[in-house]
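Q: Please take a close look at one chain of this model, going through its annotated spans, its helices and its surface in one connected account. Where a term depends on a cut-off, give the cut-off as well.

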Amino acid sequence: MLIAIAALVATAAVLPAVARRWGRAAFAVGSVVVLATLGLALVRYTAGYRTESLAWAPVAGLEFTVRLDALALLMTVLVSGIGAVVLAYFTRYASRGEEGIGRDAAVLVLFAGAMLGLVLADDVLSLYLFWELTSICSFLLVGGNGLKGEARRAAKQALLVTILGGLAMLLGLILLGTAAGTFRVSELVASPPGGGVAVAGIVLVLVGVFTKSAQLPFHPWLPAAMVAPTPVSAYLHAAAMVKAGVYLVARLAPAFAERPVWWVPLVVIGLATMVLGGWRALRQHDLKLLLAFGTVSQLGFLLVLLAVGTYTAALAGAALLLAHGLFKSALFLTAGVIDTRAGTRDVRELSGLGRRWPLLAACATLAAASMAGLPPLVGFVAKEAAFKAFTHADPRSALVLVGVLAGSVLTVAYTLRFLIGAFGGRGAEPGEVGRPGVVLTTAVAVPVAASVVLGVAPGVAELLAGDYAGVFGAATYHLELWHGFTPPLLESAIVLAAGYLLYRRTAAATRAGAALPGVLDAQRGYRAAVVGLEALARGVTSRLQTGSLPAYVGIILVTVIGVPAVGLLTGPIEQLSPRAWNSALQLPLTVLALAAAATVPFARRRLTAVLLTGLVGYAIGGVFLVVGAPDLALAQVLVETLTLVVFVFVLRRFPPAFRRVERESPLRHRTRLVVACAGGAFVALLTLVFSSLRERPSEAGAAYVASAKDEAGATNVVNAIIVDFRALDTLGEITVLLVAATGAASLGLAARSARRRALPTADGDRGQREDEEVTA
Amino acid sequence: MSTLVALPVLLPLLAAALSLVAGPIAAVQRVLSVSVLTAIAAVAGALLVAADRGAPVVLRVGGYAPPMGITLVADRLAALLLLVSIVVMLGVLVFAIGQRASDHGPRSASVAFHPMYLVLSAGVSLAYLTGDLFNLFVAFEVMLSASYVLISRRTNAPRVRASMTYVIVSLTSSLLFLTMVAFVYAATGTVNLADLSGRIDALPEGAKAGLALLMVVVFGIKAAVVPLHFWLPDSYPTAPTPVTAVFAGLLTKVGVYAIIRTQTLLFGEHGDWAFLLAVALLTMLVGALGAIAQNDLNRMLSFLLVSHIGYMLFGLALFTVAGLTGVILYVVHHIAVQAALFLVSGLVTRHTGTASLRDMSGVARTHPRVAALFALPALSLAGLPPLSGFVAKVVLLRAGAEVATPMAYVVTAAAVLTSFLTLYAMARVWVSAFWGEPSPPVPDVDPTDEVTVGTGVTSKPMLASAGGVVVAGLAVAALAGPLSTLSERAATDLLDRGPYRAAVLEGSSG
């Protein structure tokens, strides 16, 4: 199956070129390739294909391992089947010659490839890889050409929220994988790790699930993403992106369903999202937003079903996964037809479309019936199984059942709102309403037909769903249209009736509950988080990055003193017993150096400061002489003199006195003094400590003295070291000198030409300067 | 074979001298620089193969055995980093030539640039290859002196001020480095790294720890470790594009390399890794928050550079084979990706005339190729799959999880968070600079300086070389298999100091 993923990626790469040449046909090409991957998956599955692996970076644990089992095939049916339908639909949804066809077609096919990779991956790292790829694809699809501000904001929100979750999931998967000692999903599920690390890992993975599948409190990105073209929304909702989180729960449930850290958050947040999403859907006027909140709600339902880990719940979850993909794609595609052909998707403006487009209306009605859970559609079959899964005596099941029933009532109500809002009314105004066309209507009809077939013959759905649910125990329940007069049937009837009543009273009900969502407005939370993050960043950075060079150097000095000092204190410091001096002459020289250094900061004039610094250098040269290093002393005196001469030349161009630093606080002055003194004292201390550590003279030193004459033919050891033993150092230092000379020359030239440029014109006369530049 | 080790240092120095003489003739300078860097890249490749097949390649300069003479050593780590660095330098060089040609005409020579660039490459090569602490100081000096000239060349007042920050902080770090070398020699009587690695073991605990931390701090200034990083975002963004790109790609990494080399070879396992973990955490988060606070694209990239140095410290502080493998991969990835980002940012500002994110818009519409060139390294820096940053990050995260101490977990989580913050910054760049209605370019504030923006003119060599560096980053991901096994072998060498020591001290006793 690796070839299927590769084929999709390769197709995505060539589609922009196809679109440039043949326009909308690019979608058709994509559709065919996507459909072919479904065919390949079916053939391979029936032929008993299981796994395949491609190494990438084994040291990093990166390899592409794919595995095609019942759950993966079920997801492939959704991903590739609905992908093909959506792409086919796009061929007519997009206008001829519209810009962005190549981009949309390519990214959609890449999206399909990423989803296929995600559901087939059997190692956590490639699962994560494809997971993030879908986030990037959705970013590009939602953002579109980037001209609409709303689209940009929505795309960014979707990206940030899902990638934050994705990264949490990556960390979680790495923790789980490290604890389990394997990064294979199948091995992880077979022998799940335990302990505190596993708990953290599970929680982090669930954060990924909740963001990706638009659960509370992360859900607002999904309705916001409705700015995308409708086929993209259809794919995002029915098969791709949001289904990734659901898939991951289904995949990992066999390992963790027993653990409260797994099922409690999933069931609580799933139910809360189911109810809140349904509630919000009921209050929408925009058909796409209504469906979007409907998806949020249904995703919560799916998570609850797939989390708990009983055979019936898993069977219902898998069946509902299929059912939801089919009816939601059909409904979104319907909304797209209405939007493009009727010019609006606001239920308050739409009227009479049912009469005008009877075929489309019939398809939409069937799809909606599946969503509401009416027989003989697959949605009904799945919902019956779901009710059955929680119709037990224990309190946990009862609580869940109440939530599920409440959510289902809301589902029925918003389904009616959608259907009647879109197609109801008498259609008084003739308006300029186009015709849906064969391709668009067929694209809607295909998933609807599948819903009917799976509803009438639920055994087909059970082939895969049952196979998946089998890991949780023996088959105790079957998907059927008719189970007889059972409690779930009664519950279905109550839900339908209550839903109808709620729909009739929508206005009153929403008015009564208007206060509720204001408190729970998660979109506000997102905005507050973004604003808070930026404020934090600015606060931290403006305090640290002051732009003051003295402050930077001060911090460096403090760190250089502080950090190694801590290290030194970790061990015992040996008793230091340094001799005070070797020769009495050292004393006055040292005093001179110290006094000169201490006076420098108080110098008013630049020349005084330079001379005092020079004095320090000469005094040190004197110390060298006294301790028996005349050549060093000579070098020191020469360098010092040269520096002084250069300084005097340079200082001619400066004002004689230092500029008074205005209003420098005494505190800052004192801080600098302390830092500087501490630096000096610290270096002196370290010199004492380190030079007392060695008892013997250095081997290298001894070798230099011994071999200077024979090896280098030199009577001066220092010369031998510089020009022979360590000649490479000297080469480097000569280079540095040359470079410095070049740099000084280049700076001087630049300054001169800048002056020349600046002279003829007054300050700020930019125009003339630019003219000059052109002629130069 | 061992003579080859000297070439990456000597060739560019020789060429720099020739280049300075050939000054006014642009073509000679260009051919010389490109061919020398190509030759060094080939040499680096040969050294890598040789070091990977057998022992490190060692050259005793002048034939003097350690600890008397200087040795050059190309082990797996040094050769790998040398190869990557030179390849990126070559890409940036072509970009610089293209920029010069399109701004000032094809025959226009910039007398100082080529010699300085070659000296810089010699310094970088020497820093990787030297096996001697004092010689490492010389290498830093060579590298830094060339960088002073490059950053302050053809400049104006604000940029002189910014380069002052750079020069003074660098000089401070050099002074501290020299002081540190003196301490080391005072305590042990040698500056040869292999020789030191035995002698430092014999020092008392406190002195050892003090010396280890002193080295971290001294090299940390160059590596821009928080809180020693302040100079970087204040100075890098003002330099001309190629200079910023090569500084950002290489110079901080040379600092990181020096930390890795000295900590592993000289000190081995010691007790202060928790401290280094804390520094890594701080570096990652402070840098990433700094990036988010910026409106200037180049400043943002500079803060991200600081932030991602934290990843490298993180891997080192774990001090396991897996952690060091991750560091090596991360350094390789980061050299290519960070240089690519600065180059592409240069392309962007040539079209927008400004680096201010608020003032630019719609680049993806007017220049889709530039947008694509930006997107790939940006996503890679954020560690998104399947790019090089992802591979390196996964190795680091796994290494962190395997160490399994509370501090390691915290820093692993911080690494993930930093990844998100990086993406946050990049998403903002994309949304505000690349999406939206195209806006006319803002006029260049100072058209006379070396930083040319808003000309709207890019030449094929510029696009191609920026593309080449982006492809180099992609290649790191594509070759992640062999690269990661190579990095693992290099990491094993680092922890087992034996082979390096043996190659240097015993290698050829004649």
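A: What follows is a walk along chain A, from the annotated spans to single residues.

This is a predicted model, in which local features need pLDDT of at least 70 and side-chain atom pairs count only at pLDDT 80 or more, while totals for chains, interfaces and linings use all residues. Residues are numbered from 1 along each chain as its sequence is written, chains are lettered from A and ligands numbered from 1 in the order in which they are written, and side-chain values use heavy atoms, with hydrogens and water left out.

An unreviewed UniProt entry places the feature "domain: NADH:quinone oxidoreductase/Mrp antiporter transmembrane" at residues 121-402 of chain A; such positions are given in the numbering used here, feature names are shortened, and annotations may be inferred rather than shown by experiment. That span is 78% helix and 0% strand, and its end C-alpha atoms lie 36 Å apart; helices (H or I, at least four residues) and strands (E, at least two) are DSSP runs, numbered from the N terminus.

Within the numbering of this span, a cis peptide bond joins Leu216(A) and Pro217(A), with omega at about -5°, and Pro217(A) sits in the loop between helix H8 (196-212) and helix H9 (221-224) of chain A. As background, most peptide bonds are trans.

Further along comes helix H14 (residues 311-342) of chain A, whose 32 residues should span 46 Å at 1.5 Å a residue, in agreement with the 45 Å between its end C-alpha atoms; the expected span is 1.5 Å times one less than the number of residues. Because 29 of its 32 residues are buried, H14(A) is largely enclosed by the rest of the structure; here buried means under 20% relative accessible area, exposed over 50%, and partly exposed in between, with a 1.4 Å probe and protein chains only. Just after H14(A), Gly343(A) takes a positive phi of about 85°.

The cysteines offer a contrast in exposure: Cys363(A) is buried, with a relative accessible area of 11%, whereas Cys677(A) counts as exposed at 52%. Over all chains the count of disulfides comes to zero, a disulfide being a pair of cysteine sulfur atoms within 2.5 Å.

Leu568(A), which lies in helix H25 (residues 549-569) of chain A, is buried with a relative accessible area of 6%. Leu568(A) and Leu686(A) are 118 residues apart in sequence, yet 9.4 Å apart in space from C-alpha to C-alpha.

A second annotation from an unreviewed UniProt entry, "domain: MrpA C-terminal/MbhD", covers residues 591-655 of chain A. This span is 80% helix and 0% strand, with its end C-alpha atoms 31 Å apart. A nonpolar surface patch of about 580 Å² is made by Leu642(A), Val645(A), Val646(A), Phe649(A), Val650(A) and Phe654(A). Patches are made of residues with over 30% relative accessible area and no salt bridge, like charges being joined within 9 Å and nonpolar side chains (Val, Leu, Ile, Met, Phe, Trp, Tyr) within 5 Å; the areas come from the Shrake-Rupley method with a 1.4 Å probe, and for residues only the protein chains shown count as cover. A salt bridge is a side-chain nitrogen of Lys or Arg within 4 Å of a carboxyl oxygen of Asp or Glu. One of the patch residues, Val646(A), is found in helix H28 (residues 630-651) of chain A and is partly exposed, with a relative accessible area of 47%. In general, an α-helix has 3.6 residues a turn, so residues three or four places apart point the same way.
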